[in-house]
Amino acid sequence: MSEYIDKATSNMEKCIDALASNFSKVRTGRANPHILDSIMVDYYGVPTPITQLAAVKVPEASMLVVEPWDKSVLNAISKAIESSDLGITPGNDGACIRLPFPKPTEERRRELARECRQLAEEARISIRNARRDANGKIERDEELSEDDVHRQQNQIQKLTDNYIEKIDEMLKTKESEVMEI
């Protein structure tokens, strides 16, 4: 395989990883510890991810429990969760923080599905941009014959189609998860 195809594969794989990360942050009514990944806590003046300060557990499908290793940071974690845009009110019992995930309404589930479709479309656009970049580099390479250019562009197109198909499968799975009652 050529360096152009390897680079395009790498870029497209990054798009898939980014989509998976974005999908993990979409709230479905089911507790998911990754929803807390982007929340930073002021730990002695240093913004620190919750996952570095506490154990995040899922005792049941609609509940997250955050148990800090240092109990003095409990209130700071609670405030960070409240000020985030999660829309969850943390329950602080002095030893741990409980985050109840209410089941979303039908309207909210449709809204989440629409959000997922938007994330998938952004990933498709990124995949197509990676294809365009690779094809442009292949066309500008003067060492390649016309047949090699067409051959590599066909390989890039097949690669693009495979990754778009992966995105569609991921979207279908996530939409069914979101719409599940």
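In the next few minutes I will go through the strands, the salt bridges and the charged surface patches of the structure shown above.

Before I start, please keep in mind that this is a predicted model, in which local features need pLDDT of at least 70 and side-chain atom pairs count only at pLDDT 80 or more, while totals for chains, interfaces and linings use all residues. Residues are numbered from 1 along each chain as its sequence is written, and side-chain values use heavy atoms, with hydrogens and water left out.

Let me begin with the strands. When I name helices and strands, I mean DSSP runs numbered from the N terminus, with at least four residues of H or I for a helix and at least two of E for a strand, and I call two strands paired if DSSP finds at least two bridges between them. Strand β1, residues 40–43, runs antiparallel to strand β2, residues 46–49, and four bridges join them; within this pair, D42 has P47 of β2 as its bridge partner. The two strands form a hairpin with two residues between them, and Y44, which lies in the loop between β1 and β2, has a positive phi of about 55° although it is not a glycine. Is Y44 buried or exposed? With buried taken as under 20% relative accessible area, exposed as over 50%, and partly exposed as in between, using a 1.4 Å probe and protein chains only, Y44 counts as exposed because its relative accessibility is 65%.

Next comes an open sheet of four strands, in the order β3-β4-β6-β5 and with antiparallel pairing. β3 (54–60) and β5 (91–92) stand at its edges, and each has a single partner strand, so one side of each is left without a neighbour in the sheet. Inside this sheet, strand β4, residues 63–68, is joined to β6 by four bridges, with V66 of β4 facing its bridge partner I97 in β6. On the other pairing, β5 and strand β6, residues 97–100, are antiparallel over two bridges, and here the bridge partner of G91 is R98. The hairpin of β5 and β6 has four residues between the strands, and in it G94 takes a positive phi near 95°.

Which way do the side chains of β6 point? In general, the side chains of a regular strand alternate between the two faces of the sheet. Along β6, I97 and L99 point to one face and are buried, whereas R98 and P100 point to the other and are not buried.

I turn now to the salt bridges, by which I mean a side-chain nitrogen of Lys or Arg within 4 Å of a carboxyl oxygen of Asp or Glu. How many does a search of the whole structure find? The search finds twelve, and I will take a few of them.

In helix α4, R109 forms a salt bridge with E106, and the closest N and O atoms are 2.5 Å apart. The two residues are separated by about one helical turn, because they are three residues apart in α4. R109 is buried, with a relative accessible area of 6%, whereas E106, at 33%, counts as partly exposed.

Also in α4, E111 and R108 lie three residues apart, about one turn of the helix, and their side chains meet in a salt bridge at 2.7 Å, N to O. Both are partly exposed, E111 with a relative accessible area of 36% and R108 with 31%.

In helix α5, residues 146–179, K174 and E177 are again three residues apart, about one helical turn, and their salt bridge spans 3.3 Å, N to O. K174 counts as buried at 7% relative accessibility, while E177 is partly exposed at 27%. Beyond these pairs, E121, R124, R128 and D168 are joined into one network by salt bridges that share partners.Finally, the surface patches, which are made of residues with over 30% relative accessible area and no salt bridge, like charges being joined within 9 Å and nonpolar side chains (Val, Leu, Ile, Met, Phe, Trp, Tyr) within 5 Å. Lys and Arg count as positive and Asp and Glu as negative, with His and the chain ends not counted. K7, K14, K137 and R140 form a positive patch, to which α1 (3–24) and α4 (106–140) each supply at least two residues. K137, which lies in helix α4, counts as partly exposed at 38% relative accessibility. A negative patch is formed by E3, D6, E142 and E143; of these, D6 is found in helix α1 and is partly exposed, with a relative accessible area of 40%.

How values were computed. Accessible areas come from the Shrake-Rupley method with a 1.4 Å probe; for residues, only the protein chains shown count as cover. The place of a charge is taken as NZ of Lys, CZ of Arg, CG of Asp or CD of Glu.
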